[in-house]
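Got the model open in your viewer? Let's walk through it stop by stop, selecting as we go.

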Amino acid sequence: MAPDETAVHIEGPWTHRAVHAGGTRFHVVEAGEGPLVLLLHGFPQFWWTWRHQLVSLADAGYRAVAVDLRGYGGSDKPPRGYDLPTLAADATGLIRALGETGAIVVGHDWGGLLAWTMAVLDAKCVRRLVVVSAPPSAAAAQRAGHRPVRAAQGQRAAHRLPASAAAGAPAHPARRGAGGAAARRVVAAGMAGARGVAYVPRGVPYPRRGALRAGIPPLVRPLAAASRRAALRAHDAHRDRGPPTLQLHGALDPSVLPRTAQGSSRYVAAPYRWRLLEGAGHFPHEEIPDVFDTEVLGWLNDPEPDR
């Protein structure tokens, strides 16, 4: 039986619609008017992870758009195209389909790696960059095989739970979410001491198998030497033309340890700001949304963000 994609149409102070870009249909959720902020979710989530930011950004005078990436939620689920360059082309095409030539891009986890990639491959399209719980791929490449990278392997086990739930495993107790939608807490069973919480409403289509395979391999699997050299070359290019960048990381993140992401400033020549968020794990935008939003909005409203 095909999944019911209408399950992602959770009511709230936002608008749902479909946007076509590059031959792919994307489900987007939009709120507010002003400069475009494109919100890219992590693995294996969907637009709902940004529910707090859709409200806070709109209230602050921005046009916030959260998208279900290819293979997730209410967007198309083609059999291929889950590599970072293709996903980056999806996102830049989506910005243009939304009527803009560029946007502020905010990405978490896998969406953060995607955001870094966008800044490399189409720098003019990314006006400012906010990455959450995700080092640039070059940083991950340099650390391939070391403990901070291997620690992310626990995330793979955690992500097996949604897949098994989709196959009929017993669901966890329901929780009421925004708009009265019942939501289920996804337990990060493979993440010892995890503080991150991801809420997935009942009936939401889980990622296509290709998206599951693509989820976090740059952090989990040791990279071949050629891939490592390619990542480093890409981020050498980013040093010359990257956008102002804000990097946020939970101090208690058990999936991508903070020391894996620290030092990413060497890949960014533009103004750069690092913030370690105390009391937060892998999902700071959901765990401590008020603190997270204050950091993001303060940085966005700063005409000359510091290094």
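## The whole chain

Start with everything on display: buried residues make up 56% of the 307 residues in the chain. Keep in mind that this is a predicted model. In cartoon view you should find 13 helices and 11 strands. If you switch on contacts with a separation of 6 or more, 75% of them come from residues 24 or more positions apart.

## The sheet

Now pick out the open sheet of eight strands, which has mixed pairing and the order 1-2-4-3-5-6-10-11. Its edges are strand 1 (15-21) and strand 11 (272-277); each has a single partner strand, so one side of each is left without a neighbour in the sheet. Look along the sheet for its twist: on average, neighbouring strands are turned by 25 degrees against each other, direction ignored.

## Strand 3, from both sides

Next, select residues 36-40, which form strand 3. Is this strand enclosed or open? Five of its five residues are buried, so strand 3 is largely enclosed by the rest of the structure. Show the side chains: Leu36, Leu38 and Leu40 are buried on one side, and Val37 and Leu39 are buried on the other. That back-and-forth fits a general pattern: in a regular strand the side chains alternate between the two faces of the sheet.

Add the partners of strand 3. Strand 4 (residues 63-67) runs parallel to strand 3 and is joined to it by five bridges; look for Val37 opposite Ala64 there. Strand 5 (residues 103-108) is also parallel to strand 3, with four bridges between them, and here Leu40 stands opposite Gly107.

## Over the top with helix 1

Follow the chain out of strand 3. In the loop before helix 1, stop at Pro44: the peptide bond leading into Pro44 from Phe43 is cis, with omega near -5 degrees. Carry on into helix 1 (residues 51-59), which together with strand 3 and strand 4 makes a right-handed β-α-β unit. Colour the buried residues of helix 1, namely Arg51, Gln53, Leu54, Ser56 and Leu57. Just after the helix, Gly61 takes a positive phi of about 95 degrees.

## Helix 2 and its Leu94

Select residues 84-97 for helix 2, which lies across strands 1, 2 (24-31), 3, 4 and 5 and runs at about 115 degrees to strand 1. Within helix 2, zoom in on Leu94. This leucine is buried, with a relative accessible area of 2%. What is Leu94 in contact with, leaving aside its neighbours within four places in sequence? Val19, Ala21, Phe26, Val28, Leu38 and Val67. Try the distance tool on Leu94 and Val67: they are 27 residues apart in sequence, and their C-alpha atoms are 9.2 Å apart in space.

## Where helix 2 meets helix 3

Bring in helix 3 (residues 110-121), which packs against helix 2 at an angle of about 75 degrees, the axes being 9 Å apart. The two helices are therefore roughly perpendicular to each other. For the contact itself, show Leu84, Pro85, Leu87, Ala88, Ala91, Thr92 and Ile95 from helix 2, then Trp110, Leu113, Leu114, Thr117, Met118 and Leu121 from helix 3. Colour this contact by residue class and you get 11 nonpolar, two polar and no charged.

## Two backbone oddities

Step back to Asp109, in the loop between strand 5 and helix 3. Asp109 has a positive phi of about 60 degrees although it is not a glycine, and it is buried, with a relative accessible area of 4%.

Then jump to Ser133, in the loop between strand 6 and helix 4 (137-142). Ser133 is not a glycine either, yet has a positive phi of about 60 degrees. Its relative accessible area is 0%, and it counts as buried.

## Last stop

Return to strand 5 and add strand 6 (residues 126-132): the two run parallel and share six bridges. Ala103 stands opposite Val126 of strand 6. Finish with helix 13 (residues 289-300), which packs on the sheet and touches strand 5, strand 6, strand 10 (245-250) and strand 11. Compare directions as you go: helix 13 makes about 170 degrees with strand 10.

How values were computed
Residues are numbered from 1 along each chain as its sequence is written. This is a predicted model: local features need pLDDT of at least 70, side-chain atom pairs count only at pLDDT 80 or more; totals for chains, interfaces and linings use all residues. Side-chain values use heavy atoms; hydrogens and water are left out. Buried means under 20% relative accessible area, exposed over 50%, partly exposed in between (1.4 Å probe, protein chains only). Two strands pair if DSSP finds at least two bridges between them. A crossover is right-handed if, with the strands pointing away from the viewer, the path from the first strand over the helix to the second runs clockwise. Axes are lines fitted to C-alpha atoms, for helices over the stretch in contact, and angles run from 0 to 180 degrees between N-to-C directions. Contact means heavy atoms within 4.5 Å. Angles under 35 degrees count as roughly parallel, over 145 as roughly antiparallel, 65 to 115 as roughly perpendicular and the rest as oblique. Ala, Val, Leu, Ile, Met, Phe, Trp, Tyr, Cys and Pro count as nonpolar, Asp, Glu, Lys and Arg as charged, and the others, Gly among them, as polar.
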